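Welcome to a short tour of one protein model. Have the sequence and the 3D view open side by side, and let us walk through them together.

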Amino acid sequence: MKERFQLKQTVVTIVADARVHIENAKEAIRSHRRELERFIALNPFFRYALEPLDECVGAPPEIARRMLEASSAANVGPMAAVAGVIADLAVEAMVDAGASYAIVDNGGDIALSTDREVTIGIYAGESAFKDVAFKIRPTPFLGVCTSSATVGPSISFGTADVACVVAEKACLADAAASALGNLSTDPEAAFGAIKDINGILGALLIVQDNLATWGTLPTLVHASFDEACVTHA
């Protein structure tokens with residue numbers, strides 16, 4: 001089953017076999033967002049920083065701690081990891097409750113734990129590569145996150161239609177996708193900026209009619225674009 005859930009700026013699509021696991025994900029999103037909002041109230045610069053932060057007021061809650069670690073690894077601001085970390089925490093709550101099939105898509109930043117093969121589309125807007133997807137084999141946990149200068153609300157200093165990173169966790173993939181997109185005018189430099197980050201598995205760049213990849217990625221397959229599958233506000 002699938003449900004779209006919105007809490008303030010967070011808009012997710014949650015996929016699971018059981019209703020209870022969707023409710024587990026929603027409760028995790030609510031509780032972790034509350035903790036993050038309280039932390040940002042003490043550290044307003046956390047919301048706007050475009051570089052890693054070394055000092056904060058008070059001990060960061062789990063959600064903020066993960067964002068700080070991922071942003072430091074990718075050399076971006078901590079909010080570059082917010083969608084991915086919320087997806088991670090929601091899927092972790094589902095798995096902790098017994099789910100063997102759990103997917104949370106937070107506006108194109110996806111965390112999943114699955115006992116079956118799934119297909120994740122790569123939305124590239126008006127690019128020539130608008131009908132491609134990853135075929136993902138069963139996995140205990142994976143993050144697939146995308147930044148873009150032409151699609152969606154991402155802040156990007158590059159030109160990529162798609163800057164997609166696959167990592168062990170969505171939090172890290174989200175931060176690294178921002179770094180990849182920022183440098184997308186030079187694919188070699190872009191891949192070079194993230195290839196040595198522990199936990200990054202592979203990356204894909206689409207810039208207009210050009211597609212480049214690095215690392216170990218799921219199999220790329222053809223998949224017809226379906227607007228209904230795109231998670232956005």
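Start in the middle of the sheet, where A111 stands opposite G143 in β7. Please keep in mind that this is a predicted model. The pair belongs to a longer match: strand β4 (residues 109–114) and strand β7 (residues 139–147) run antiparallel and share five bridges.

Stepping back, you can follow an open sheet of eight strands in the order β1-β2-β3-β4-β7-β8-β9-β10, with antiparallel pairing. The edges are held by β1 (2–7) and β10, each of which has a single partner strand, so one side of each has no neighbour in the sheet. Direction ignored, neighbouring strands here are turned by 15 degrees against each other on average. As a reminder, strands of a sheet pair through backbone hydrogen bonds, either parallel or antiparallel.

At the β10 edge, six bridges connect strand β9 (residues 200–207) with strand β10 (residues 210–215) in an antiparallel arrangement. One bridge to look for is G202 with its partner G215 in β10. The hairpin of β9 and β10 has two residues between the strands, and Q208 takes a positive phi near 55 degrees there.

Now turn to the helix that covers part of this sheet. Helix α4 lies across β2 (10–16), β3 (101–106), β4 and β7, and runs at about 160 degrees to β3. Within α4 (residues 82–96) you will find E92. Is E92 buried or exposed? Its relative accessible area is 16%, and the cut-off for buried is under 20%, so E92 counts as buried.

Which residues does E92 touch, leaving aside its neighbours within four places in sequence? They are R66, F141 and K169. Two of these partners also make polar contacts with E92, side chain to side chain:

| Side chain | Partner side chain | Polar contact |
|---|---|---|
| E92 | R66 | 2.8 Å |
| E92 | K169 | 2.8 Å |

Finally, consider the protein as a whole. There are six helices and eleven strands, and the C-alpha atoms fill a box of roughly 45 × 40 × 30 Å along the principal axes. The radius of gyration is 16 Å, which agrees with the value near 17 Å for a compact globule of 233 residues. Buried residues make up 51% of those 233. Among contacts with a separation of 6 or more, 54% come from residues 24 or more positions apart. The accessible surface comes to about 10800 Å², and carbon and sulfur atoms account for 52% of that area.

Methods:
Residues numbered from 1 in each chain as written. Predicted model: local features only at pLDDT ≥ 70, side-chain atom pairs only at ≥ 80, totals over all residues. Heavy atoms only, no water. Helix = DSSP H or I, 4+ residues; strand = E, 2+ residues; numbered from the N terminus. Buried < 20%, exposed > 50% of the residue type's maximum accessible area, 1.4 Å probe, protein only. Polar contact = N/O pair within 3.5 Å; in protein donor to acceptor, adjacent residues only side chain to side chain. Contact = heavy atoms within 4.5 Å. Pairing = 2+ DSSP bridges. Axes fitted to C-alpha atoms, helices over the stretch in contact; angles between N-to-C directions. Rg over C-alpha atoms; globule rule 2.2 N^0.38 Å. Areas by Shrake-Rupley, 256 points an atom, 1.4 Å probe, with all protein chains shown as cover.
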